[in-house]
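Hi there,

Here is the structure I promised to pass on. Have a look at it first, and my notes follow underneath.

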Amino acid sequence: MTYTVAVRELCEFTAKQGDLDLRFTPAPTALEGIAGHGVVAARRGKGYRAEVALSGSYQTLQVRGRADGYDPALQRIDEVKTFKGRLDRQPASHRHLHWAQAKVYGWLLCQQEQLAHIDVALVYFDIGSQKETVFCERCTADELRAHFEAQCQRFLAWAEQQVAHCTARDAALGALVFPFGGFRAGQRPLAEAVYKAASAGRCLLAQAPTGIGKTMGTLFPLLKAAPAQRLDKVFFLAAKTSGRQTALDALARLADSAPTLPLRVLELVARDKACEHPDNACHGESCPLAQGFYDRLPGARAAALQAARSVPALDEMASGAVQTAGLQAHDPQPRKHSVPLHQAQVRSVALAHRVCPYYLSQELARWADVVVGDYNYYFDFGGLLHGLTQANQWRAALLVDEAHNLVERGRKMYSAELRPDALAAARTSPAAARHPAVKKALDKVRRCWVAVDKAQAADYAVYDAFPEALLGALQQCGTTLSDHFADHPADPDVALQTFYFEAMHITRLAELLDSNSLVDVARPAAHTSHLSRPGSAAAKPGSATVCIRNVVPAPYLQPRLAAAHTSTLFSATLQPARYYADLLGLPDQHVWVDVESPFESAQLHVQVARHISTRYADRHASLVPIAELMAQQFNARPGNYLAFFSSYEYLQQVADVFAKRHPHLPHWRQSRRMLEAEQRQFLERFTDTSEGIGFAVLGGAFAEGIDLPGRRLIGAFLATLGLPQVNPVNEQIRQRMQALFGEGYDYTYLYPGLQKVVQAAGRVIRTPSDEGVVHLMDDRFARDEVRRLLPRWWADERGGLAARTKNG
């Protein structure tokens, strides 16, 4: 069996050396890089060939890639690298890696064209000046072959281990059985839909009730389908820490049930949670875990993956392969089953080998079978997993947990804003004081910003395009700051870098601007008022926030979904399906499945409080009726309840009235910006023997992703429809949704609001034996357009609460 590797991946494995050096130096964007390669190719002669596909083999190793260009007349192969700043500041380790790649391409071309020698050129293209710097070496085919074989020899032991691992993994996955003996009701149809979607290479949108075991019901069938579909990777993407942990628990349960399953599972966490020296900069002169990182990486990588290995025979073979490669195994003892590489395990291995845990985990993503991480690792502009998938041409499968969250998360990924405080901090930074060119560029941005603010009559306004003069000033400022950072890499300025990143992000989005995003300018008063009042702002000009606000993330998410062989987006609340298909950019041929609930309507008593209105104008009048309804329910059936409100302010108002009128009834409250320890304490009050009401905010930490089965939670009160606030921003979104989809109010207010309600109510019934009550405290819950968006199995005191249209 052969192992296929990309030229870039091969050389990054074999030719990287020295320190991890992440001192900030401006780098071209992907679009700038593509444009730069195009400029270089256009300057060459008529017979010049760009993007030359090449491949070659060494023993059981197949190497493939695309050379940037080849000039037959000069018999020269080009490896083009775009850059910004000063080339003389490039670390020697980078140049070493570039030469390694260029010479591998040189051999592959000599072999393909039957050449006895070739000129190998490194072409560095300066994005700013559009100038080229060329370093060229004439190499014989024999020299290049020797270089190629040396790289392959260093990688071969690892490749053989990878082939053995993949063979053992696929065989074990083929024999894998469901770990719980039988499926839960509803779990089997979900699993079947996932398996069929994977087999057909389709995208699946799956609505499945809370409590049926969606995580295992999606992971198990996808892993079963992996061998036949030749899947390289499975990415489980979650919106919250609780979702990641549920996936890791499910994978650990699979490992426990299949002791010979050699599945490498990796958890990716945010940098701020993995950094051992947060006060140090990421380079060898500052951080001891960055010094010599690439020299110690091979040993750490081998140890980490061996710690996650399971088959004793494979352990012995891999240990030999590691020793052949000159590496020291960290744990030579065979494992009984797979050990997921959680953050703690990666940290332990990293510190044992004196390397950075965060960047070790990023390296391990190349070799893991299942990666569990946040949405942004795949869907963000610079998403690590998407970038690796593209570079290595992986056949990847996506599982997107609680996919209803991807709408809002996607909008945030593809939005950007300029904050006046960030500009002010940059203008008063030490770097601006010492360098007149930096101060001048920032001052020009300030003047253009003030001009936009002065010309705007209202507190909030939407523009047809990004203000041209301000955009030009930002672009010029970006160039100036790029040059400054390149000239002063050892003199970091946090305030200046923060503004630079904001400015570059917004200028990038300005280049991609279309009808799926808004450009708006808001003064501070506009963020707190319901309506924009012309001329009402007292703030001085230049205090407004300039924003490119994504409304429909579909154009950005669609190509990332298309890059995967198969994807399953699942949640308990994906109603109506067309809303999520439109906003998430699902393929036209995607599959929709709505899994029947295993729960009976008798398990959940749903009551609509038609005498209560929670509209903003009626809030004060609703306080006593809500408090009395809650007390009445608690007295009738003491136990644990959650009460959800639309805001912290509303929560406090009701809780104060409740405490005053019913001081003997226990209750506790969610507070703003709760730390994780405080959230745990809040939940720990829900026990099988406790009684009380927890007051929480709808859409917050306790409204989804928590599991309180049995007596730990017997009911919920929802004093809101969850509708977003009516304000200038949301009204502009409503208008844009109306123009794009013809359902402005529903897409902006109704669907997002009811999704939160159903998620929160879903905390009550978690197992087939649970029973409970949900009070929907607003007269609007009785409306047909609202009822049809609620789960079909719910029933109120009249019966048949939710009516469902055929298309959902």
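**Strand 11 and its neighbours**

Val400 stands opposite Leu569 in strand 16. Please keep in mind that this is a predicted model. The pairing around Val400 belongs to a set of 4 bridges that join strand 11 to strand 16 (residues 566-571), and the two strands run parallel. Strand 11 also pairs with strand 8 (residues 233-238), again in the parallel sense, over 5 bridges. There, Phe236 is the residue opposite Leu399 of strand 11.

How enclosed is strand 11 by the rest of the structure? Of the 5 residues in strand 11 (residues 396-400), 5 are buried, so the strand is largely enclosed. Both of its faces are covered: Ala396, Leu398 and Val400 are buried on one side, and Ala397 and Leu399 are buried on the other. That fits a general pattern, in which side chains of a regular strand alternate between the two faces of the sheet.

**An open antiparallel sheet**

Elsewhere you will find an open sheet of 4 strands in the order 12-15-14-13, with antiparallel pairing. Strand 12 (416-418) and strand 13 (460-463) are at the edges with a single partner strand each, so one side of each has no neighbour in the sheet. On average, neighbouring strands here are turned by 20° against each other, direction ignored. Strand 12 is joined to strand 15 (residues 545-550) by 3 bridges in the antiparallel sense, and Ala416 has Ile548 of strand 15 as its bridge partner.

**Salt bridges**

As a reminder, side chains of opposite charge can pair when their charged atoms come close. How many salt bridges does the structure hold? There are 38 salt bridges, and a few caught my eye.

- Asp453 and Arg523 meet through their side chains at 3.0 Å, N to O. Asp453 belongs to helix 18 (residues 436-455) and Arg523 to the loop between strand 14 (517-522) and strand 15, so the pair ties together parts that are 70 residues apart in sequence. Asp453 and Arg523 are both buried.
- Arg169 forms a salt bridge with Asp170, with 3.0 Å between the closest N and O atoms. Arg169 is buried at 7% relative accessible area, whereas Asp170 is partly exposed at 25%.
- Asp778 and Arg780 form a salt bridge at 2.9 Å, N to O. Asp778 is buried at 0% relative accessibility, and Arg780 counts as buried at 13%.
- Arg8, Glu9, Glu12, Glu363 and Arg366 are joined into one network by salt bridges that share partners.

**A buried arginine without a salt bridge**

Which residue is the nearest side chain of opposite charge to the buried Arg619? That is Glu649, but at 6.7 Å away, and Arg619 has no salt bridge. Arg619 sits in helix 23 (residues 619-636), and its side chain reaches the backbone oxygen of Thr614 at 2.6 Å. Setting aside neighbours within four places in sequence, Arg619 is in contact with Thr614, Ser646 and Tyr650.

**A buried leucine**

One more for your list is Leu557, found in helix 21 (residues 554-562). Leu557 is buried, with a relative accessible area of 0%. Not counting residues up to four places away in sequence, Leu557 touches Phe379, Leu406, Tyr414, Leu583 and Leu584. Ala659 lies 102 residues from Leu557 in sequence and 47 Å from it in space, C-alpha to C-alpha.

Happy to talk any of this through.

Best wishes

Definitions and conventions. Residues are numbered from 1 along each chain as its sequence is written. This is a predicted model: local features need pLDDT of at least 70, side-chain atom pairs count only at pLDDT 80 or more; totals for chains, interfaces and linings use all residues. Side-chain values use heavy atoms; hydrogens and water are left out. Two strands pair if DSSP finds at least two bridges between them. Axes are lines fitted to C-alpha atoms, for helices over the stretch in contact, and angles run from 0 to 180 degrees between N-to-C directions. Buried means under 20% relative accessible area, exposed over 50%, partly exposed in between (1.4 Å probe, protein chains only). Lys and Arg count as positive and Asp and Glu as negative; His and the chain ends are not counted. A salt bridge is a side-chain nitrogen of Lys or Arg within 4 Å of a carboxyl oxygen of Asp or Glu. A polar contact is a pair of N or O atoms within 3.5 Å; within protein, one must be able to donate a hydrogen and the other to accept it, and residues adjacent in sequence count only if both atoms are side-chain atoms. Contact means heavy atoms within 4.5 Å.
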